[in-house]
Each structure stands twice: as C-alpha cells, then as structure tokens.
2 protein chains.
Amino acid sequence: MRSCGVVVEYNPFHNGHYYHLEQSREHSGADVMIAIMSGHFLQRGEPAIMDKWHRAETALKNGADLVLELPFLYAVQHSDYFSQGAVQTLAEAGVDAICFGSESGDIGAFMDAYSHMNVHQDEFNASLRSHLNEGHSFPESSRLAYESIQFPSGAVDLSQPNNILGYSYVKQIMSYAPSVTPLTIHRKNSHYHDEDITGPIASATSIRRQMLKAGTLTKETEQTLPSSVPSLLDDYKQMYGCWHEWEAYFHLLQYKILTMDEDTLRCVHGVDEGLEYRLKRAMKKAVTFEDFMNRVKTKRYTWTRLQRTMTHVLVGTDKEDARRGLRETPPPYARILGMNEAGRKYLKWAKKETRIPFITQPQAMQHPLLDLEARAAAAYYSLFPAAVRVSRLNREYEAPVILPSHP
Amino acid sequence: MRSCGVVVEYNPFHNGHYYHLEQSREHSGADVMIAIMSGHFLQRGEPAIMDKWHRAETALKNGADLVLELPFLYAVQHSDYFSQGAVQTLAEAGVDAICFGSESGDIGAFMDAYSHMNVHQDEFNASLRSHLNEGHSFPESSRLAYESIQFPSGAVDLSQPNNILGYSYVKQIMSYAPSVTPLTIHRKNSHYHDEDITGPIASATSIRRQMLKAGTLTKETEQTLPSSVPSLLDDYKQMYGCWHEWEAYFHLLQYKILTMDEDTLRCVHGVDEGLEYRLKRAMKKAVTFEDFMNRVKTKRYTWTRLQRTMTHVLVGTDKEDARRGLRETPPPYARILGMNEAGRKYLKWAKKETRIPFITQPQAMQHPLLDLEARAAAAYYSLFPAAVRVSRLNREYEAPVILPSHP
C-alpha cells in the first residue's frame with residue numbers, strides 16, 4: 001500500500017486543505033493519506049478554534065484516511081522541533097512520501113537550498129549567533145543569516161518565512177528518513193497569513209478572524225470551507241458555547257501567573273532570561289490577553305515566541321521534562337486521533353514495520369508526554385461548564401474517531 | 001493608653017461579634033480595641049464571604065479601633081499556628097489584654113487546663129501519637145489524648161473542639177507574652193457552629209449559609225447583623241457580582257490541579273503522603289467542589305484539613321516557604337488593614353515599644369509573606385471581570401481603611 005504523509009493543523013479545515021490532500025494523493029500516487037495534526041494547541045502557541053477530535057473528524061471527511069496527533073510538546077514549538085516530531089512520526093508510520101504546500105511548488109528548489117545549507121552551515125551558524133548577540137529576535141537573526149550565505153538562483157529563498165516550514169520538512173526527511181520522498185505542491189493561496197478573504201481559497205488566519213469577529217459563520221467564510229465543515233463548526237459552538245481563542249483563557253493565565261512565585265514560573269518551558277519578572281509585572285496591570293502581550297513583548301520576545309511560552313504556562317510544561325522529551329528520537333509513540341477503513345487497513349499492514357507503538361488510547365502506555373497531553377486537554381477544556389468539562393476530559397481516554405472510507 | 005486585643009475573622013461581622021468587642025472593652029478597661037483578622041482566606045480553609053478591606057470596615061464601624069491582618073500563612077492553619085501568629089502579633093502591638101469568647105466565660109478554667117497540660121504534656125503527646133498511628137484523624141486523636149489525661153473538675157474540657165482555640169490563645173499568651181492578661185467572656189450563642197438562625201445572636205456559619213443559599217440578605221439574617229452591616233454586604237454583592245464561596249472557585253482549582261504534574265503538586269504546603277495522586281484522580285471526575293471533597297476526604301484527611309490544603313493549592317503556598325515562614329517568631333511585620341483616630345493615636349504612642357514594623361502598604365517592605373499575600377489576593381479576586389480584578393489587586397498596594405473614631 002502506497003502512503004503519503006501531510007503535516008497539518010486544520011484550524012479550521014478549509015478548501016485549501018482539501019486541495020492539498022487531493023493534490024498530494026495524486027502527486028504521490030498514494031492509496032492512503034496520513035495527516036499528522038497538532039492537538040488542542042498549535043504551532044504558533046494558540047488554542048485551536050475547535051478541539052482535536054472534531055478537527056480530526058473534518059480531516060477524515062475531506063480526504064485524510066488516518067489522523068495522528070503531533071504530541072503537544074512538539075506541536076507548540078518553533079519549526080525545527082515541530083518538523084522533527086511530525087516528519088519522524090510520519091517516517092515511523094512508514095509513509096513513502098511527505099507532501100507539503102509551497103509558493104514555488106518546486107521540490108528541486110528546496111533540495112538546492114538543502115545542499116547549499118549543508119555546505120554553508122558553519123557560516124550560517126556564525127552569522128546567526130552574531131545577529132542574536134546584537135539583540136535581534138530569532139526570526140530576524142535567521143533571516144539575516146540566510147541572506148548572508150547567498151543562495152544560488154533557483155534555490156528557495158529561506159529569508160522568506162513562508163519557506164521555512166517546508167524547508168524544515170525537507171531537512172528532516174533528508175537527515176532522518178532519506179527513503180521518504182519529499183514532495184511539494186503549489187499552494188493556491190500564496191499568502192497564507194493573508195488577513196482578508198478574497199475567494200473560495202483563503203488563509204486559515206483570515207477565516208478564523210472573520211469567524212471569531214462575527215461569532216458565527218458568515219456567507220463569506222462558508223464559501224472557503226468544504227461543505228461538511230460549516231455544520232461541524234456550528235454544532236461545536238452550539239454544543240460547547242464557544243470557539244476557542246486566547247482571550248477566553250486570559251483569566252486563567254492571569255490567575256496562574258499571579259499565583260505562581262518566580263521560582264516556579266522559571267521552571268516553565270520557555271521562561272528564560274528573567275522573563276518571570278516581566279510576566280508578573282505585566283499581569284498585575286493587564287486586562288486583556290492582547291494588552292498583556294503588548295506589555296511583555298520586546299524585540300527579542302516576539303509575539304509568536306511569547307504565545308508559545310504562554311501556552312506552556314497555561315498547560316504547565318516543565319522545562320526539564322521538555323528538555324528530556326525533545327531529546328527522544330523518534331517520538332516515543334504515535335497516537336491515533338481518527339481513521340477510516342483504509343487507514344485501519346494500512347495500520348494493520350504497516351504494523352510489523354513500525355518501531356514505535358501506534359496507540360488508540362493513552363492508558364495503553366505510561367509516558368510523560370501523555371501526561372502532558374492530558375494537562376493540555378484539561379487546560380483547553382477548562383472554559384466549559386463543569387459537567388461538560390469533565391466529559392470532554394474523559395474523551396481523552398476513549399477510542400479514536402472512526403469513519404467509513406471515502407466513497 | 002490601655003489596649004485589648006481580639007482574634008477574629010468577621011465572616012460576616014454579626015451581633016455576637018459586636019457584643020464580644022463591647023464586652024471585651026468593658027472587661028479590659030481598654031481605650032483601644034485591636035482586632036487581628038484573617039485576610040481573604042480563613043482558618044477553616046475557606047474564602048471569606050467579602051474581602052478583607054470591607055470586613056475591616058465593618059469592624060471599625062462596630063467597635064474596633066485598629067484592624068491588623070493575620071498573614072495568610074498563619075491564618076489558614078490549624079489552631080496552633082493560627083493562635084501563634086495572632087497572639088504574638090497582638091503582643092508585639094503592645095496589648096495589655098487579649099479577650100476571647102468561650103462557653104464557660106471563666107478564664108480560671110482555661111488557666112487550670114493550661115497548668116494541668118504543663119504537667120501532663122509528655123503523657124498527652126504519647127497518647128496523641130499512638131492514636132494517630134492507629135489511623136485516626138488529628139482532631140479525633142487529640143480528643144482521645146485529652147480524654148486520656150483526665151483534667152481536674154473546673155478545668156475546661158479540651159476534648160470539646162469549641163474550647164481548643166481559646167486554650168491555644170491562653171497557651172500562646174502564657175509562653176510567649178506572660179505580661180499580657182488573658183480574658184474571656186461568656187459567648188452568647190453557645191454553639192457557634194449552629195446551622196440555624198434562632199434569634200438576633202446567631203453563628204456566622206448559620207448566617208453565611210442563609211445568605212449564600214438565598215443569594216440575598218433575608219429578614220432573618222438581617223436581624224443577626226449590626227445595622228451598618230447589611231448595606232455593606234449588599235453593596236459588595238452589587239458591585240462585584242458575588243459573595244465568595246468555594247464552589248465559585250472550583251473551576252480554577254480544577255484547572256490548576258489538572259495542569260500541575262505530581263512533582264509540582266507535592267511542593268504545595270499540606271500535600272503530603274501521596275495526596276497529590278488522590279487529588280488528580282478525584283479532579284478528573286469531580287463536577288463540584290463538594291463532589292471533589294467527598295471523593296478525596298478520608299478519616300485522616302478531614303474536610304477542614306483538606307479545605308486548608310486546597311486553599312494552599314489555589315493560592316500556591318510553597319511547602320519550603322511555609323516551613324521557613326512559620327518558624328519566624330514573632331511574625332516579621334504587622335500590616336494595618338484599617339484604623340480610626342483612636343487606633344492611629346495608639347499606633348503612634350506604641351511605636352517606640354514595638355519590635356516589628358507596623359506597615360500600611362506592602363511595598364514598604366520586601367518579604368516572602370507579603371508576596372504570598374499578593375498571591376492570595378490574586379486568587380481571591382480571580383472571580384471578578386478583568387478590569388475589576390486588576391483594580392482590586394491594586395487595592396492591595398493602597399492605604400488602609402481610615403474612619404473617624406467611634407462617637
């Protein structure tokens with residue numbers, strides 16, 4: 001059975017994602033599409049608009065056959081760890097190819113960049129370090145360092161942030177699983193952080209922004225979603241009273257930060273260089289999440305980096321545990337969020353080859369990463385009324401979403 | 001200037017408290033009545049129905065001249081530490097007498113019990129230890145141990161829980177400040193944990209219960225309160241949207257416990273003997289605070305002991321910090337919550353004699369106990385909407401309540 005992996009967040013699942021799955025299946029000639037998806041919290045350090053189970057369901061209804069969970073610890077990280085966790089898990093699942101969307105749609109351009117980087121790695125590192133020492137943020141220092149090593153024409157331009165994730169996938173594939181074929185397809189909506197909806201293919205950012213602002217699915221947002229998605233999003237909001245966003249968690253974050261002493265706060269993954277004092281000072285005055293972030297943000301602590309750290313505060317990610325967890329190669333298990341009949345057959349077929357356990361229920365295994373997953377779920381669901389909260393928490397220990405195969 | 005101290009919680013201030021202040025002033029012949037009061041959280045491990053500033057105001061309006069704050073760390077403790085913190089602070093404030101309410105109203109009976117205990121302390125300790133080892137709770141083991149040493153007739157019966165706090169005050173006075181005169185007055189409502197209101201003097205427990213159940217001040221509760229109190233309670237609820245009770249904090253406690261790992265939970269004051277596992281297990285299922293407590297409670301972990309520990313979880317009291325803090329004798333400072341002109345004059349007059357600083361604003365001093373106080377305030381106010389929450393938090397750093405003297 002031929003299989004192709006995709007690395008996704010589906011926040012929410014939109015037409016661009018549908019196109020990506022369809023094109024990836026075609027390009028790779030895969031029988032089975034395997035998506036590795038962030039759970040309740042996302043790479044940019046935000047709560048997903050809808051929980052991982054419902055997002056897995058949208059994926060299965062729209063082209064995926066098997067949805068694996070990228071463990072929280074890898075999901076809420078910069079691109080290096082994020083792609084490490086995702087690519088290694090897909091490789092352990094035995095995928096033949098991994099296909100990502102890009103502006104160029106040219107895998108050769110990514111391979112050229114990879115070869116060039118291999119030769120100029122020392123030069124790049126030295127440049128990066130010097131820019132960091134000058135006080136630039138990590139993304140800005142990276143951009144300057146990439147510029148300094150002058151890529152050949154034809155290679156993707158890594159000083160463009162949009163190319164970084166794709167490049168990280170290629171790098172992980174080449175170094176960890178060279179037998180996996182890297183593929184890329186041209187992304188239809190080229191600017192995927194666009195803030196406005198301009199047609200049936202729009203960025204997830206613009207779709208979320210409209211949904212959250214309107215508090216409902218407008219006609220404009222609906223046109224950007226596959227037909228099965230709007231009712232799932234609507235039902236979720238109806239049933240649980242909200243779509244999730246940072247502002248709704250602000251009271252919990254404020255409560256938590258103001259009832260932790262500095263020593264305890266310093267033990268949270270990402271709280272470094274005296275950030276604990278800054279956080280406490282800002283929290284004594286802030287009245288919204290945005291207000292708080294603006295009080296804490298600096299040139300070095302970018303919004304995204306801070307958001308990730310705030311997710312780790314909210315969830316309680318211990319610094320030492322994180323260090324240990326991120327050192328595990330490959331990730332210690334792969335958890336199945338959902339599958340259809342094709343996905344189930346594939347898993348059965350691939351089972352002999354996989355070195356890590358593929359688990360359907362976290363109680364099958366004792367692992368600190370699974371404890372962390374339970375903490376992330378507790379934080380995520382803490383907005384709900386008590387009875388709903390507890391029932392959703394227990395969802396964590398039930399079987400994956402199972403759907404029939406695509407017609 | 002003659003002064004008399006009282007140890008209080010005023011949750012809420014009722015006619016019995018008024019009578020206590022009045023009688024204490026008369027018995028002691030004091031010019032100035034000094035109340036040391038628990039802050040936002042109380043000895044039994046509960047949030048006070050109304051915050052400490054408003055409770056200090058009710059005290060000043062009804063007979064107290066100076067209200068000091070019993071630091072959170074001493075307030076939310078069993079009777080030994082509670083009375084240690086309270087009596088030592090009053091002694092440092094230079095009081096001539098300390099007067100408490102009791103069923104007997106006979107200070108000689110407390111002194112007799114103290115003398116008897118002095119002689120039989122070893123015997124008592126051995127008996128206590130053996131009952132604890134048999135698996136009895138601390139209060140039950142104490143009761144049995146007190147029974148075993150057979151008090152002379154005329155001494156107060158320490159196997160009756162109602163006598164324990166008074167006895168603890170006498171013990172602290174005799175051992176720490178023998179120049180202070182212990183006094184007691186007969187308590188009008190003899191059963192101060194009574195659950196029903198039967199007249200104008202009722203227990204705080206029965207008053208709270210009715211208020212919280214009805215969500216308003218009924219005629220029956222109003223008759224138990226001095227005339228200035230109902231409007232203060234009403235205004236508080238109007239302004240801040242609630243009277244405080246544990247159930248309202250349950251979502252925060254659940255969120256906090258479920259996002260702490262066992263190692264971190266074990267660092268909280270009072271979380272011993274594997275309680276961390278019990279807490280996490282129960283929290284995964286509990287839908288109310290009462291439900292949670294019933295799941296965790298055992299013969300050894302009584303409701304009150306657990307409530308105190310839950311307060312320390314909610315506020316984030318570190319075990320090591322608590323150990324260090326409770327070792328300080330006397331408490332490192334006394335914080336003034338409120339005073340009238342007589343209180344202010346007294347403070348000025350007594351200043352030369354006091355060995356510890358009497359502070360009006362916590363920023364006057366750097367101390368871990370004051371950091372803990374700020375955390376307690378943050379937890380206490382976390383129920384309010386963001387802007388109100390932040391403004392109440394900042395109240396922590398403003399001047400005490402100042403009222404004119406009693407007419």
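Me: Which helix gives the largest share of the lining of the largest cavity?

Reply: Start with the general idea: rolling a probe the size of a water molecule over the atoms shows where empty space is left. In this predicted model, the largest share of that lining, four residues, comes from α11(B).

Me: Which helices supply at least two residues each to the lining?

Reply: Those are α19 (386-395) of chain A and α11 (246-258) of chain B. Going residue by residue, chain B gives His251, Gln254, Tyr255 and Leu258, and chain A gives Ala378, Ser382, Arg389 and Leu393. By class, you get four nonpolar, three polar and one charged.

Me: What volume does the largest cavity have, and how many cavities of 30 Å³ or more are there?

Reply: The volume is about 40 Å³, and the structure holds three cavities of 30 Å³ or more.

Me: Okay, on to symmetry. What turn and shift lay chain B on chain A?

Reply: A turn of 180° with a shift of 0.0 Å along the axis does it, at an RMSD of 0.0 Å. That's the relation of a two-fold axis. As for the interface, 100% of chain B's interface residues are also interface residues in chain A, so the copies meet through the same surface.

Me: And the largest nonpolar core: which residues have the most contacts inside it?

Reply: That core has 266 residues, and the ones with the most contacts inside it are Leu253, Phe292 and Met310, in both chain A and chain B. Take A:Leu253: setting aside neighbours within four places in sequence, A:Leu253 touches A:Trp246, A:Met283, A:Phe289, A:Phe292, A:Met310, A:Val313 and A:Leu314.

Conventions. Residues are numbered from 1 along each chain as its sequence is written. Chains are lettered from A and ligands numbered from 1 in the order in which they are written. This is a predicted model: local features need pLDDT of at least 70, side-chain atom pairs count only at pLDDT 80 or more; totals for chains, interfaces and linings use all residues. Side-chain values use heavy atoms; hydrogens and water are left out. On a 1 Å grid over the protein atoms alone, a cavity is a set of points where a 1.4 Å probe fits but cannot get out, and a pocket is an open set with protein on both sides within 12 Å along at least five of seven lines; lining residues have an atom within 4 Å of a point. Grid points are joined across faces, edges and corners, and a volume is the space filled by probe spheres set on the points. Ala, Val, Leu, Ile, Met, Phe, Trp, Tyr, Cys and Pro count as nonpolar, Asp, Glu, Lys and Arg as charged, and the others, Gly among them, as polar. Copies are superposed by least squares on the C-alpha atoms of residues with pLDDT of at least 70 in both. Contact means heavy atoms within 4.5 Å. A nonpolar core is a set of buried Ala, Val, Leu, Ile, Met, Phe, Trp, Tyr and Cys residues joined through side-chain atoms within 4.5 Å. Buried means under 20% relative accessible area, exposed over 50%, partly exposed in between (1.4 Å probe, protein chains only).
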